[in-house]
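Student: I should like to learn how to read the contacts within and between protein chains. May we work through an example together?

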Amino acid sequence: MVVVDRISKWFDDVVAVSDVSFTLGPGVTALLGPNGAGKSTTLRMIAGLTSPSQGAIQVLGDNPRQSAEVRGRIGLVSQQEQLFSEQRAVEFVQLAATLNGVGDAEAAARSALQTVELDPDDLRTISTYSKGMRQRVKVAQALVHKPALLLMDEPLTGLDPRQRLKMTALIQQLGAQGICVVVSSHVLEEVERLGSSVLVIAQGRLAAQGDFHAIRQLMENRPHRIRIRTTDARALASALLTYSGIHGVEVVDESELLVDTNDVALFRKRVAPTARYVDAQLYEVQPLDDDLESVFKYLVGR
Amino acid sequence: MSTSPAVTVVAMIKRIIPAIATRGRVITMLAFGLLPVVLAFFINRADDGGDDFVAADLLSRFSLLIYIPLVVLIFASATLGTLREERTLVYFWLRPIGRWQIAVASFVSSLLVLIPVISVPTILLAAIIGDAGDMIGILMAALIAIVAYGALFTFLGLVTQRALVWGLIYIIVWEGFLGGLSRAAGRLSIRNYTRSALSRIADAPSIIDNPESMAVVIIVTVCLAAAGLVLTTWWLNALDVD
């Protein structure tokens, strides 16, 4: 459905996306990466909202920027907050249906709003809606014409936990119906819940791709640096160095050491018994590079 | 699935008009439009029995040169300008419709708002002058100004976020100053045609020397509107949408 062939996008001197290629078929695909990684730019290029500076994109066999027919088969949940705020939700979604050439626009709008659990008869304007409700209105307008490709830029942002679960279920359901759903997110747990295939984008590059478990494994197996505060750093350092998964230990001072390991699970299992063995007390065991940014940096640098 | 262009254009117009015709904007512009009316009233009283064209000349100098272009600039540049600024243009742009439909909807929206907003003070002004020929001439000149400036400023609103600044510079520098320097330069300014229309219909030769014929006025106005729409469509096609 979507063929992305070596696309790059730069704005003046800033490279937003660099030499990215992938293909997408029916089902849910998550675009995972930190903020500013190039996810939104990639989605915008797939939607045809902006052209790649280099490379080509085909959606349903055609250029999305030039083909009106292709545009009519794309649904976009964009990241920006603004909607036509002085309209009622049903009017806004009905406008989307009309412009997409849906026969009975009003019925389609009511159905789309019910899908996202909003009341089509709500007399309030969108300006009075909460962030989560606006988010659902955006999803409704993207679904109203039953698109073949649904692009969702951070669709779970602003939703409460219950709505997140519902939205996740809806995304899975749409994917199961054969719609190509692309969901961008910077939250690993969100992507995990989607249970989808994953494209990891970091620093504008495609850092990894595969199903979520393969990506997770890749992330787990990367080198970790862990800081330990203890009563006897030297004794603990000597004992830890005997394990094969630990490939470096740096003693900072008498009470602090840094451990480098690429088998964090093994380390977790062994650190406490080892400390007991050398008669050292543990005050703190803290991973120093467990944030998502570090994970993405590692994936890009592989 | 397809909807006729007329239906999609009307649907967009229904959305654009409430966005540009905000209460504050309409009231301010109507109040501003009453200024030449009040001036014409007092000048006409002071000039009782004198030259019939004093009020028409006032309209020419104030309304056609400042008031109407300014009001058209404010409303027409807001049609697509507001959508771009609020980043809601995507809700029109990413639909299976021709970009020309967006251009036409924006242009027609600005006409539908501008015609009543400008007509009310204009009709009052014509009523003060008290001549049917003047009233028709004034309304015709206003309509020509609305169409020509409307197409131009709709495009300007799409192209730049500083449409008001550039539009004002255009109105003051080109229309107000450079266009008056020579006949050749005057032919490239819209006010030449609005004043020609006023001069011809109101039979007021003092308004402009060597006015264009009405046929030329109408042809130039239609060409300007068409050029504005073509440019807007072209720009929409080339645009990066947020």
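**Reading contacts in a two-chain model**

Tutor: Let us begin with one residue: A:Glu117 is partly exposed, because its relative accessible area is 38%. Please keep in mind that this is a predicted model.

Student: With which side chain does A:Glu117 meet in a salt bridge?

Tutor: Side chains of opposite charge can pair when their charged atoms come close. Here the partner of A:Glu117 is A:Lys166, with 3.3 Å from N to O. A:Glu117 sits in the loop between α4 (105-115) and α5 of chain A, while A:Lys166 belongs to helix α6 (residues 161-176) of chain A, so the salt bridge ties together parts that are 49 residues apart in sequence. A:Lys166 has a relative accessibility of 37% and therefore counts as partly exposed.

Student: Which elements of chain A hold A:Arg225 and A:Asp260?

Tutor: The side chains of A:Arg225 and A:Asp260 form a salt bridge at 2.9 Å, N to O. This pair links distant parts of the chain, 35 residues apart: A:Arg225 is in strand β10 (residues 224-230) and A:Asp260 in strand β12 (residues 256-261), both of chain A. With a relative accessible area of 29%, A:Arg225 is partly exposed.

Student: How many salt bridges does the structure hold over all chains, and how many of them lie across the interface of chain A and chain B?

Tutor: Over all chains there are 16 salt bridges. Across the interface of chain A and chain B the rule finds 3. One salt bridge that crosses between the chains joins B:Asp242 and A:Arg44, at 3.9 Å from N to O. B:Asp242 lies in the segment after α10 (214-238) of chain B, and A:Arg44 lies in helix α1 of chain A.

Student: Are B:Asp242 and A:Arg44 buried or exposed?

Tutor: The two residues must be taken in turn. B:Asp242 counts as partly exposed because its relative accessibility is 38%. A:Arg44 has a relative accessibility of 17%, and so counts as buried; the cut-off for buried is under 20%. In addition, salt bridges that share partners join A:Lys9, A:Arg65 and B:Asp240 into one network.

Student: How should one describe the interface of chain A and chain B as a whole?

Tutor: The size of an interface is often given as the accessible area lost when the parts come together. For this model, chain A and chain B bury about 2500 Å² between them, and 58% of that is on carbon and sulfur atoms. A:Arg71, A:Phe84 and A:Leu99 supply 28% of the area that chain A buries against chain B, more than any other three residues. Counted by residues, 30 of chain A are in contact with 27 of chain B.

Student: Which elements of chain A give two or more residues to the side that touches chain B?

Tutor: Across the interface, the rule finds 10 residue pairs in polar contact. The elements of chain A that give two or more residues to the side touching chain B are α1 (39-47), α2 (68-71), β5 (74-77), α3 (89-99) and α5 (131-143). The largest share, 5 residues, comes from α3(A). By residue class, this side of chain A divides into 12 nonpolar, 13 polar and 5 charged residues.

Student: How are aromatic pairs to be read?

Tutor: A pair of aromatic rings is described by the distance of the centres and the angle of the planes. The structure holds 9 aromatic pairs over all chains. For A:Phe84 and B:Phe92, the ring centres are 5.5 Å apart and the planes are at 50 degrees, so this pair is tilted. The pair crosses between chains: A:Phe84 is in the loop between β5 and α3 of chain A, and B:Phe92 is in helix α4 (residues 90-93) of chain B. Both A:Phe84 and B:Phe92 are buried. Ring pairs also link A:Phe84, A:Phe92, B:Tyr91 and B:Phe92 into a cluster.

Student: Why is the pair of B:Tyr149 and B:Phe153 stacked?

Tutor: The ring centres of B:Tyr149 and B:Phe153 are 5.7 Å apart and their planes are at 10 degrees, so the pair is stacked; planes under 30 degrees apart count as stacked. B:Tyr149 and B:Phe153 are separated by about one helical turn, because they are 4 residues apart in helix α6 (residues 132-159) of chain B. B:Tyr149 and B:Phe153 are both buried.

Definitions and conventions: Residues numbered from 1 in each chain as written. Chains lettered and ligands numbered in written order. Predicted model: local features only at pLDDT ≥ 70, side-chain atom pairs only at ≥ 80, totals over all residues. Heavy atoms only, no water. Contact = heavy atoms within 4.5 Å. Buried area = accessible area lost by both parts, 1.4 Å probe. Salt bridge = Lys/Arg side-chain N within 4 Å of Asp/Glu carboxyl O. Polar contact = N/O pair within 3.5 Å; in protein donor to acceptor, adjacent residues only side chain to side chain. Nonpolar A, V, L, I, M, F, W, Y, C, P; charged D, E, K, R; others polar. Phe/Tyr/Trp six-rings, centres within 6.5 Å; stacked < 30°, edge-to-face > 60°. Buried < 20%, exposed > 50% of the residue type's maximum accessible area, 1.4 Å probe, protein only.
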